[in-house]
Amino acid sequence: PDLISGDMESAMAVELNPWVEYEFRVVATNKIGTGDPSAPSRVIRTNEAVPKTPPANVSGRSGRRHELVIAWEPVSEEFQSGEGFGYIVAFRPNGTRGWKEKMVTSSDASKFIYRDESVPPLTPFEVKVGVYNNKGDGPFSPIVVICSAE
């Protein structure tokens, strides 16, 4: 943080993550040296917000015939920004219009399996994974192309 002059009685912490608990301490410094930190403040939780961080490394995994297995790295708790966090898995056969969307309600989830007997092996799909919480829908990951299982 920026240094604050000795006559200041307050300061504002900015760019904190939503829905995260913080504690604060104050440390005084002068020409002679730095003192001990103050006792921690009471725990303060920032307000909820729409999530801003999509999952990383969306990819395909091996599966059974007629399955499309979509995997990703889960978003860490500090970037979930509120309660009710989950994922929106969107996919469509490559070159088609209109996305199929499926909700994955577990914040710890790292994959989704779509089963469809009519999907031939090695069919390419465009895939993206988004995030949501009780405050609304956040961004999607970049689109990747993965193939259905062989």
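Start with Glu67 and Arg115. Their side chains form a salt bridge, with the closest N and O atoms 2.9 Å apart. Glu67 sits in strand β4, residues 67-73, and Arg115 sits in strand β7, residues 111-115, so this pair ties together parts that are 48 residues apart in sequence. Now look at burial. Glu67 has a relative accessible area of 7%, so Glu67 is buried. Arg115 comes out at 57% relative accessibility, which puts Arg115 in the exposed class. Keep in mind that this is a predicted model.

How many salt bridges does the structure hold? There are 3.

Next one: Glu126 with Arg92. Here the closest N and O atoms are 2.8 Å apart. Again the pair links distant parts of the chain. Glu126 is in strand β8, residues 124-133. Arg92 is in strand β5, residues 86-93. The separation is 34 residues. Are these two buried or exposed? Both Glu126 and Arg92 are buried.

Then Arg45 and Glu21. Their side chains meet in a salt bridge at 3.4 Å, N to O. Arg45 belongs to strand β2, residues 44-45, and Glu21 to strand β1, residues 21-22, so the bridge ties together parts 24 residues apart in sequence. Arg45 has 37% relative accessibility, so Arg45 counts as partly exposed.

Stay with charge for a moment. The protein has 16 positive and 20 negative charges. The mean positions of the two sets are 8 Å apart.

Now the overall architecture. The protein has 0 helices and 10 strands. Reading from the N terminus, every element in the run β-β-β-β-β-β-β-β-β-β is a strand. Why call the protein more spread out than a compact globule? The radius of gyration is 23 Å, and the globule rule gives 15 Å for 150 residues, so the value is well over the rule. The box says how the C-alpha atoms are laid out. Along the principal axes they fill roughly 75 × 30 × 25 Å.

Surface and contacts next. Of the 150 residues, 29% count as buried. The protein exposes about 10,200 Å². Carbon and sulfur atoms supply 50% of that area. Take contacts between residues at least 6 apart in sequence: 60% of them join residues at least 24 apart.

Two loop residues to finish. First, Ser141. Ser141 lies in the loop between β9, residues 136-140, and β10, residues 144-147. The relative accessibility of Ser141 is 6%, and the cut-off for buried is under 20%, so Ser141 counts as buried. What does Ser141 touch, leaving out residues up to four places away in sequence? The list is Pro54, Pro55, Val58, Lys128 and Val129. Thr53 is worth a look too. Ser141 and Thr53 are 88 residues apart in sequence, and their C-alpha atoms are 8.6 Å apart in space.

Second, Gln80. Gln80 lies in the loop between β4 and β5. At 11% relative accessibility, Gln80 also counts as buried. Beyond residues up to four places away in sequence, Gln80 touches Pro51, Val75, Phe85, Ser107 and Asn133. Now pair Gln80 with Ile4. They are 76 residues apart in sequence and 31 Å apart in space, C-alpha to C-alpha.

To recap the bridges. Glu67 pairs with Arg115. Glu126 pairs with Arg92. Arg45 pairs with Glu21.

Methods:
Residues are numbered from 1 along each chain as its sequence is written. This is a predicted model: local features need pLDDT of at least 70, side-chain atom pairs count only at pLDDT 80 or more; totals for chains, interfaces and linings use all residues. Side-chain values use heavy atoms; hydrogens and water are left out. Helices (H or I, at least four residues) and strands (E, at least two) are DSSP runs, numbered from the N terminus. The radius of gyration is taken over C-alpha atoms; the globule rule is 2.2 Å times the number of residues to the power 0.38. Buried means under 20% relative accessible area, exposed over 50%, partly exposed in between (1.4 Å probe, protein chains only). Contact means heavy atoms within 4.5 Å. Accessible areas come from the Shrake-Rupley method with a 1.4 Å probe; for residues, only the protein chains shown count as cover. Lys and Arg count as positive and Asp and Glu as negative; His and the chain ends are not counted. The place of a charge is taken as NZ of Lys, CZ of Arg, CG of Asp or CD of Glu. A salt bridge is a side-chain nitrogen of Lys or Arg within 4 Å of a carboxyl oxygen of Asp or Glu.
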